[in-house]
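Thanks for coming, everyone. Please bring up the model and keep it open while I talk.

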Amino acid sequence: MLHIHFGAGRLGLGLVIPAFQSPTTESVILNRAVSGANATGNTALGAERRNALLRDNPEQTYHLRILDGAEAPTQRVRYAGFHTYADKGLGRLTRQIVGASAAQHRGVVVTASVLKRENYGPVIEALCTLARLREAGEPIGPIFLVACENTVSAQEVLAELRPADGLTAAGAAVLRRQVTPVAALVDRMCVDLEEDASGAHPTVSVRTEPYASLRLGLGPDTEILRNLCAGSGIGFGRHLDVEKQIKGWLLNGTHWLIALRAFQASGGDRAMKLNAFMAASPEERRHAIAVMDEMREGVALLLRRDPAYAAFVRDVDVDAYLAGAATAILKRFFATEDPITRILARFQAPPAGDPSPIEAFSSRFADRINGPLAAYEAEKGVLPPAASRSLLSLLHLVQSGTFIDARVQ
């Protein structure tokens, strides 16, 4: 199978490429020649140097440094090629990649760790090239698109083709005939990118937690992916939309609640590692556990009350699923050396007279916590105390002008 991945950031290198590793997979990495601002914070390794290391490494490998507490073992990840691109001109590069591949006849999976739908233009251009080649009879197997960000889905990308994508009506029709969108759920804390000079050739090293999960949605159109991904780390599921929502609440929402409380309690310490802060304070550790318990209770209530989740509730033991997930997530929070600057990277100081950064952060935060907290309050008649404490921390931080990037003057 030919695997083409867009995005050489922490998630792409730390989860997506490793998950697709198998004896029959060729992974080719693409990244913008000039990267924009990173919404999840800067890394120790700059984008230009990262690109050079991936492009020039003769062994075509990079490393994962697994942060598992006492030691940090290294995992070697191979790739078949690395290319940079501008906003246009992906057609020729895509044909070049396909022409050099010995595996494209089995199938092509295009993945993207791209945060925003408006940045999918190059991905669409590459897919259009693949679709036209296959439609013309070239020996290319079935084509799939996987959006490897929990905020964007492949279904949305193909359903909402835009004028900026540069497609004619006929081109869009070919794209939709030949490309199958696949739901995905990604989950790994990829902490940082560094340069690794320990071997014969310098390369990129990604600092990640041990836990890693990339799951694809199963359905009549995607069943073939089981065979294409055989021997890889890819998992499959039939309730991915619900599981993605649960992850947004239980992992992301809880993480931000805990991190905001810690950031405020530390006096705005931007150098802190969240796990070290909690380990040094029994009170903060108890607070984190209490927040998770409240969120878990709220999520269970939501799942059972909303008819949209009826199939999941019918097929899955909700209490056992949530208890296992909550325990595993807390273990990850307590073990992973995750910097507060990564967790709260979007908690940015607003420019004078422009509240939009805070509005955007608050809207994203609300999506992750409002449902479970409201369900908890409706059931018990009181707001969840630990989560409310974290929300007060958010108010204190904003009022004092303490943000993750700077203090408002």
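In what order do the 4 strands of the open sheet come? Reading across, the order is β4-β3-β11-β10, and the pairing is mixed. Keep in mind throughout that this is a predicted model.

Stay with that sheet. Its edge strands are β4, residues 74-78, and β10, residues 190-196. Each of those two pairs on one side only. Neighbouring strands are turned against each other by 25 degrees on average, ignoring direction.

Now the helices on this sheet. Helix α1, residues 10-19, packs on the sheet and touches β3, β4, β10 and β11. The direction of α1 makes about 95 degrees with that of β10. Helix α2 covers residues 47-56 and lies across β3, β10 and β11. Against β11, α2 runs at about 115 degrees.

One strand pair in detail. Strand β3, residues 61-66, pairs with β4 in the antiparallel sense, over 5 bridges. If you want a register mark, take R65: its bridge partner in β4 is T74.

Next, the other sheet. An open sheet of 3 strands has the order β9-β12-β13, with mixed pairing. Why do β9 and β13 each have one side without a neighbour in the sheet? Both stand at the edges, β9 at 184-187 and β13 at 235-237, and each has a single partner strand, so one side of each is left free of a sheet neighbour. From one strand to the next, the twist averages 25 degrees.

β9 pairs with strand β12, residues 213-217, in the antiparallel sense. That pairing runs over 4 bridges. The register mark here is L185, with R215 as its bridge partner in β12.

Helix α1 turns up again. It lies across β9 and β12, at about 60 degrees to β12. Helix α8 lies across β9, β12 and β13, and runs at about 30 degrees to β9.

On to the cores. The largest nonpolar core has 52 residues. Which of them touch the most other members? Those are L303, F333, L344 and F347. The elements giving two or more residues to this core are α8, α9, α10, α12, α13, α14 and α15. The largest share, 12 residues, comes from α8.

Click on F347. Leaving out residues up to four places away in sequence, F347 touches a list that includes F263, I358, F361, L394 and L397. V398, T402, F403, I404 and D405 are also among the contacts of F347.

Apart from the largest core lies another one, of 34 residues. Among its members are I4, V110, I124 and L158.

Now helix packing. Take α10 and α15. They pack at an angle of about 115 degrees, with their axes 7 Å apart. The two helices are therefore roughly perpendicular to each other. Their crossing is left-handed. Which residues meet there? From α10 come E283, H287, A290, V291 and E294. From α15 come P385, A386, A387, R389 and S390.

A second helix pair: α4, residues 121-135, and α6, residues 169-178. Their axes come within 9 Å and cross at roughly 80 degrees. That crossing makes α4 roughly perpendicular to α6. On the α4 side, the contact is made by I124, L127, C128, A131, R132, R134 and E135. On the α6 side, it is V174, L175, R177 and Q178.

Two single residues before I stop. N275 is found in helix α9. Is N275 buried or exposed? It counts as buried, at 11% relative accessibility, because the cut-off is under 20%. Neighbours within four places in sequence aside, N275 is in contact with F333, F334, A335, T336, E337 and D338. R305 is 30 residues from N275 along the chain, and their C-alpha atoms are separated by 34 Å.

The other residue is I340, in helix α13. I340 is buried too, with a relative accessible area of 0%. Not counting residues up to four places away in sequence, I340 touches A259, F263, D269, R270, M272 and I404. I340 and L303 are 37 residues apart along the chain, and 30 Å separates their C-alpha atoms.

That's my tour. Over to you.

Technical notes
Residues are numbered from 1 along each chain as its sequence is written. This is a predicted model: local features need pLDDT of at least 70, side-chain atom pairs count only at pLDDT 80 or more; totals for chains, interfaces and linings use all residues. Side-chain values use heavy atoms; hydrogens and water are left out. Two strands pair if DSSP finds at least two bridges between them. Axes are lines fitted to C-alpha atoms, for helices over the stretch in contact, and angles run from 0 to 180 degrees between N-to-C directions. Contact means heavy atoms within 4.5 Å. A nonpolar core is a set of buried Ala, Val, Leu, Ile, Met, Phe, Trp, Tyr and Cys residues joined through side-chain atoms within 4.5 Å. Buried means under 20% relative accessible area, exposed over 50%, partly exposed in between (1.4 Å probe, protein chains only). Angles under 35 degrees count as roughly parallel, over 145 as roughly antiparallel, 65 to 115 as roughly perpendicular and the rest as oblique. A crossing is left-handed if the near helix is turned anticlockwise from the far one by less than a right angle, and right-handed if clockwise.
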